[in-house]
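Student: I should like to go through this structure step by step, from the fold of one chain to the meeting of the chains. May we begin once it is displayed?

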Number of protein chains: 2
Amino acid sequence: MKPVKQRRAPAERPQEILNAALAQFVETGFAGTRLDDVARRAGLSKAAIYLYFDDKLSLFQGVIRQAITANLMTVETMLAAHRGPVAELLPRILEFMAGRIEDTPMASIAKLVIAESRAFPEIGQFYLKEVIGRGLPLLEGLIARGIKQGEFRKVDPAMTVRSLIGAMLLAGLWRTVFEPIGAEKLDVRAMARHHADLMLHALRPAPGA
Amino acid sequence: MKPVKQRRAPAERPQEILNAALAQFVETGFAGTRLDDVARRAGLSKAAIYLYFDDKLSLFQGVIRQAITANLMTVETMLAAHRGPVAELLPRILEFMAGRIEDTPMASIAKLVIAESRAFPEIGQFYLKEVIGRGLPLLEGLIARGIKQGEFRKVDPAMTVRSLIGAMLLAGLWRTVFEPIGAEKLDVRAMARHHADLMLHALRPAPGA
DNA sequence: TATAACTAACTTACCAGTCAGTTAGTTGTA
DNA sequence: TACAACTAACTGACTGGTAAGTTAGTTATA
């Protein structure tokens, strides 16, 4: 007697496959991921994947695309909403990022992009355009505003943003690259707070100004 | 009439293979690298590689091992030698790193490690132990010294070092990941200088202290 | 000529992508 | 309501290409 196979809603199939693929790509990278594994994770056969995606690369692009766009709008609205002093917003942004790093696969996605963008430039270009190209100007504007409002001393906003982001990049890579292979745990939120403190001190106008 | 093949000194063969492999791994990653390509680059047949290395992974490890150890002792002696104020040394260290990022494959190696350490934990662990495990304490000691000498305010040295390094990590990844796919050039040395300026301001003792 | 250095050609394993066939469920008709 | 005709969703088994690793034999030099 065969078990009755309950057919699931096919509308959810692409999403189920994307979820399974995200998990697998994060674990084993692009080349190391077998579509059979993705299929097993999603509770399907490999052939079924090809009903929803053209090929392995399309699936990969779908995974990246979705993971990126999911994380994006939140920051933008967050910044747009705030009107008070920039010095208050900066720590909040860093803490927000820390939360994303600790609680979502954002950092794993970034790692994946870093790892595979040489082989698949479209992936890297997409990330460059959609994440970096949108995020950096936003933060640069924020720094510039702080300078104009007299909260910060005169610094190069573009460079400053990179100093701001660098620490969080390091935190994200620490979590996804080194912790899984035995490195001691890094408290990302604590680091975000500490980094915010450093940055605010770094940007304080000169005492004699 | 065949051209006379002048046989080269076999003692140099492992190094030649390592060089060829480094170039190839940097270009195409671990999985994407064919030993036939490495062989052609080194002016040999694939089979000859197996006379000097056990397998592809050993070769990869050899490449990483060599590239890492080459870059390490310099920093250590540099720090050990210096006895003056830490505030002078900090910018020099960042500039040194910037030089390495711009002029050596160090950043590409780091990228490779990031990309492949999930699949080959030994690689990541080696890097963790030999580079991070030696570099971080060195820098932490430096910050701690600056605090003790009254040059810096009281901050957590471990966290501070991560803020210090983060920006250079970002710079290195920018160069190796995003510039090759069309991102605008980043002046790593200028960024090192700017970051040093920020960090020194961030560490300045409170005005009323 | 002995042997170290080397190679061409091969074997093996793997996996993306395909396809003929199956099963679960729906629709049309009486 | 019954059941035949149909379709969407899916699968197992296969193919073709690729590349790691091996081996039997060749070439250069002491």
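Student: How many helices and how many strands are there in chain A?

Tutor: This is a predicted model, in which local features need pLDDT of at least 70 and side-chain atom pairs count only at pLDDT 80 or more, while totals for chains, interfaces and linings use all residues. Residues are numbered from 1 along each chain as its sequence is written, chains are lettered from A and ligands numbered from 1 in the order in which they are written, and side-chain values use heavy atoms, with hydrogens and water left out. Helices (H or I, at least four residues) and strands (E, at least two) are DSSP runs, numbered from the N terminus. Along the sequence the pattern reads α-α-α-α-α-α-α-α-α-α, and the count for chain A is ten helices and zero strands.

Student: Which domains does the assignment give for chain A, and how many Å separate their centres?

Tutor: The C-alpha trace of chain A spans about 85 × 35 × 35 Å along its principal axes. The bounds, which come from an automatic or database domain assignment, give domain 1 (10-63) and domain 2 (71-203). Taken over C-alpha atoms, the centres of domain 1 of chain A and domain 2 of chain A are separated by 29 Å.

Student: Which three residues supply the most of the area that domain 1 of chain A buries against domain 2 of chain A?

Tutor: Buried area is the accessible area (1.4 Å probe) that two parts lose on being put together, summed over both. Domain 1 of chain A and domain 2 of chain A bury about 770 Å² between them, 80% of it on carbon and sulfur atoms. On the side of domain 1 of chain A, 53% of the buried area comes from V26(A), F30(A) and F60(A).

Student: How many salt bridges are there between domain 1 of chain A and domain 2 of chain A?

Tutor: A salt bridge is a side-chain nitrogen of Lys or Arg within 4 Å of a carboxyl oxygen of Asp or Glu. Polar contacts (pairs of N or O atoms within 3.5 Å; within protein, one must be able to donate a hydrogen and the other to accept it, and residues adjacent in sequence count only if both atoms are side-chain atoms) link two residue pairs between these domains, both residues at pLDDT 80 or more. The count of salt bridges between domain 1 of chain A and domain 2 of chain A is zero.

Student: Which residue forms a salt bridge with R13(A)?

Tutor: The partner lies in helix α1 of chain A, three residues apart from R13(A), and the two are therefore separated by about one helical turn. The closest N and O atoms are 2.9 Å apart, and the residue is E16(A).

Student: What area is buried between chain A and chain B?

Tutor: With contact meaning heavy atoms within 4.5 Å, 48 residues from chain A and 48 residues from chain B take part. Carbon and sulfur atoms give 70% of the buried area, which is about 4300 Å².

Student: Which residue of chain B forms a salt bridge with R153(A)?

Tutor: Across the interface of chain A and chain B there are two salt bridges. For R153(A), the closest N and O atoms are 3.0 Å apart, and the partner is D197(B).

Student: By what turn can chain A be laid on chain B?

Tutor: Copies are superposed by least squares on the C-alpha atoms of residues with pLDDT of at least 70 in both. Chain A can be laid on chain B with an RMSD of 0.1 Å and a shift of 0.0 Å along the axis, by a turn of 180°. That is the relation of a two-fold axis.

Student: Why do the copies meet through the same surface?

Tutor: The reason lies in the interface residues of chain A. The copies meet through the same surface because the share of these residues that are also interface residues in chain B is 100%.
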